[in-house]
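Biologist: Could you take me through one part of this model up close? I'd like to hear about the sheet and whatever sits around it, and then anything odd in the loops.

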Amino acid sequence: MPTDILIVDDESDIRALIRGLLEDEGYTIREAADSTQTFAQIDASEPDLVILDIWLEGSDQDGLAILSRIRTETPDVPVLMISGHGTIEMAVTAIHQGAYDFIEKPFASDRLLLLIQRALETARLKRENAELRIRADGAADLVGDSAALSSVRAILARVAPTNSRVLITGEPGSGKDVAARLLHRMSRRAEGPFVVLNCAAMGPERFESALFGGGAGGPPGLLEQAHGGTLFLDEIADMPLETQARIVRVLQEQRFRRTGDGAEIESDARIVASSNRDLQSAMEQGQFRQDLFYRLNVVPVGMPPLREHPQDIPALADYFLDVLARQSGLVRGTFSQGAIAAMQAYEWPGNVRQLRNAVEWVMIQHSPNAGGEPFRADQLAPEIIMLPRASGANDPVDLMTLPLREAREMFEKDYLLSQIARFGGNVSRTAQFVGMERSALHRKLKLLGVVAEDRQESRGP
């Protein structure tokens, strides 16, 4: 696809001069004379590069103000500043605010072309590096060997060779994006692109141009970019209803039209969607189309929350220690058994994403530990080690106000509940760890008034 460049200058002859030069080089050119036209062009479709004049006569905002907004709203778009009244101070200010470079009018054609090539290449490398960081972050596989994750892997392995659409549901941070990338990697489309649209992060006014493209001569949309690969619609419940209707037609007809363009384009992108919301409730409330739900929900995949497979925490924590050590240069370290036990007893409302952040926090705060000692439980983040007490009290000082017998019972109750949670409700494994006979542990739990469902560990599907 031709590279799309937006030229912003209040002088029409300057715009015409640059347009002629760049069109001869094969670039697709759009123009704007002021801030209003500039933002309208960017909202219609995001350009690959902006050439921006600092002084814009008759414009509501000057070039530096426009630059500031571009860096905020579309930070991946490189901006090349131009001016006929430039100074060293002005150039420094522009680059400090995020411009790729600054060139003074009148400029030599070969220098302008060289700066454009370098800016585009830099932007391309940044995109590639971002993708590599995502892959290094563990997006290629699900870490852990619990029955819950083994079941998810089995479903993905069965559906991956087909072109069936998949709807992945689960709490925030549970790994829906990881499952989508694993599905793509195992599919026959693995050599094709994996394109992501985060529906929760996209403003309604830019949705359709981002997804379907910006019309004739404009850059392709994400659906077109995903041709031959996979389009992952992350948090599909946040997609506007109007766009949902267009997606339904795409899924039905396997073709679409760019925004503002009558020509039809064939679509060969596998659609994978995710949601952390209850789509049934969203449909009942009129916030999600029923016909879209049934087209997406061909193969449902439910990602379990981390609290339902705490036996995977040791492998996950070890994995994140490796990843973060490579990325940050911090000393890798290890976790003590006590720290692992504390993490397994925690509820993890933010799921695997929160666990990753917790591992990073420990590495920053306590790495390297003195003498290379493992990270201890008391070095974990405060919200992890301050577990809610089974008795309803939250302040450990309460123990000091109780007689010995009551304090001992409170401690035993909290301790045993934490260990049972650590082993996923498996009383047999809990008894083995704490050094009690299974029947004796059942009697102790009954004496303490604890009702525990004895879950037997599954060996997978």
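Modeller: Sure, and keep in mind that this is a predicted model. Let me start with one pair of residues: Thr169 has Gly302 of strand 12 as its bridge partner. That pairing belongs to a set of 4 bridges joining strand 6 to strand 12, and the two strands run parallel. On to another partner of strand 6: 4 bridges also join strand 6, residues 166-169, to strand 11, residues 270-275, again in parallel. Here Leu167 is the residue that stands opposite Ala273 of strand 11.

Now zoom out to the sheet. It is an open one of 5 strands with parallel pairing, and the order reads 7-8-11-6-12. Strand 7 (194-198) and strand 12 (299-302) are at the edges with a single partner strand each, so one side of each has no neighbour in the sheet. From one strand to the next, the twist averages 20°.

Stay with strand 12 for a moment. In a regular strand, side chains alternate between the two faces of the sheet. Strand 12 does just that: Val299 and Val301 point to one face and are buried, whereas Pro300 and Gly302 point to the other face and are not buried. As for what packs here, helix 6 (residues 147-159) lies across strand 6, strand 11 and strand 12, and it runs at about 155° to strand 12.

Follow the chain out of that strand and you get to Pro304, in the loop between strand 12 and helix 13 (313-328). Pro304 is buried, with a relative accessible area of 9%. What is Pro304 in contact with, leaving aside its neighbours within four places in sequence? The list is Ala148, Leu149, Val152, Ser174 and His309. Look at Ser174 in particular: Pro304 and Ser174 are 130 residues apart in sequence, yet their C-alpha atoms are 6.7 Å apart in space.

There's a second link in this neighbourhood of the chain, a salt bridge between the side chains of Glu171 and Arg307, at 2.5 Å from N to O. Glu171 is in the loop between strand 6 and helix 7 (176-186), while Arg307 is in the loop between strand 12 and helix 13, so the pair ties together parts 136 residues apart in sequence. Both ends have some access: Glu171 is partly exposed with a relative accessible area of 26%, and Arg307 is partly exposed with 35%.

While we're on salt bridges, the whole structure has 19 of them. Some sit within a helix. In helix 1 (residues 12-24), Glu23 and Arg19 are separated by about one helical turn because they are 4 residues apart, and the closest N and O atoms of their salt bridge are 2.6 Å apart. Glu23 counts as partly exposed at 39% relative accessibility, and so does Arg19 at 24%. Helix 3 (residues 63-73) holds another pair, Arg69 and Glu73, 4 residues apart or about one turn. Their side chains meet in a salt bridge at 3.2 Å, N to O. Arg69 is partly exposed at 30%, as is Glu73 at 44%. There is a network too, in which salt bridges link Asp9, Glu11, Asp53 and Lys105.

Lys105 brings us to the oddities in the backbone. Most residues other than glycine have a negative phi, and most peptide bonds are trans. The bond from Lys105 to Pro106, however, is cis, with omega near -10°. Pro106 sits in the loop between strand 5 (101-104) and helix 5 (109-139).

Which residues have a positive phi without being glycine? Gln254 is one of them, with phi near 60°, in the loop between helix 10 (241-253) and strand 9 (255-257). Trp348 also belongs here, with phi near 55°, and its loop runs between helix 14 (337-345) and helix 15 (351-366). Their surroundings contrast: Gln254 is partly exposed at 37% relative accessibility, but Trp348 is buried at 0%.

One last loop residue, Asn426, lies between helix 17 (404-422) and helix 18 (427-434). Asn426 is buried, with a relative accessible area of 5%. Its side chain reaches two backbone nitrogens: that of Ser428 at 3.1 Å and that of Arg429 at 2.9 Å.

Terms used
Residues are numbered from 1 along each chain as its sequence is written. This is a predicted model: local features need pLDDT of at least 70, side-chain atom pairs count only at pLDDT 80 or more; totals for chains, interfaces and linings use all residues. Side-chain values use heavy atoms; hydrogens and water are left out. Two strands pair if DSSP finds at least two bridges between them. Axes are lines fitted to C-alpha atoms, for helices over the stretch in contact, and angles run from 0 to 180 degrees between N-to-C directions. Contact means heavy atoms within 4.5 Å. Buried means under 20% relative accessible area, exposed over 50%, partly exposed in between (1.4 Å probe, protein chains only). A polar contact is a pair of N or O atoms within 3.5 Å; within protein, one must be able to donate a hydrogen and the other to accept it, and residues adjacent in sequence count only if both atoms are side-chain atoms. A salt bridge is a side-chain nitrogen of Lys or Arg within 4 Å of a carboxyl oxygen of Asp or Glu.
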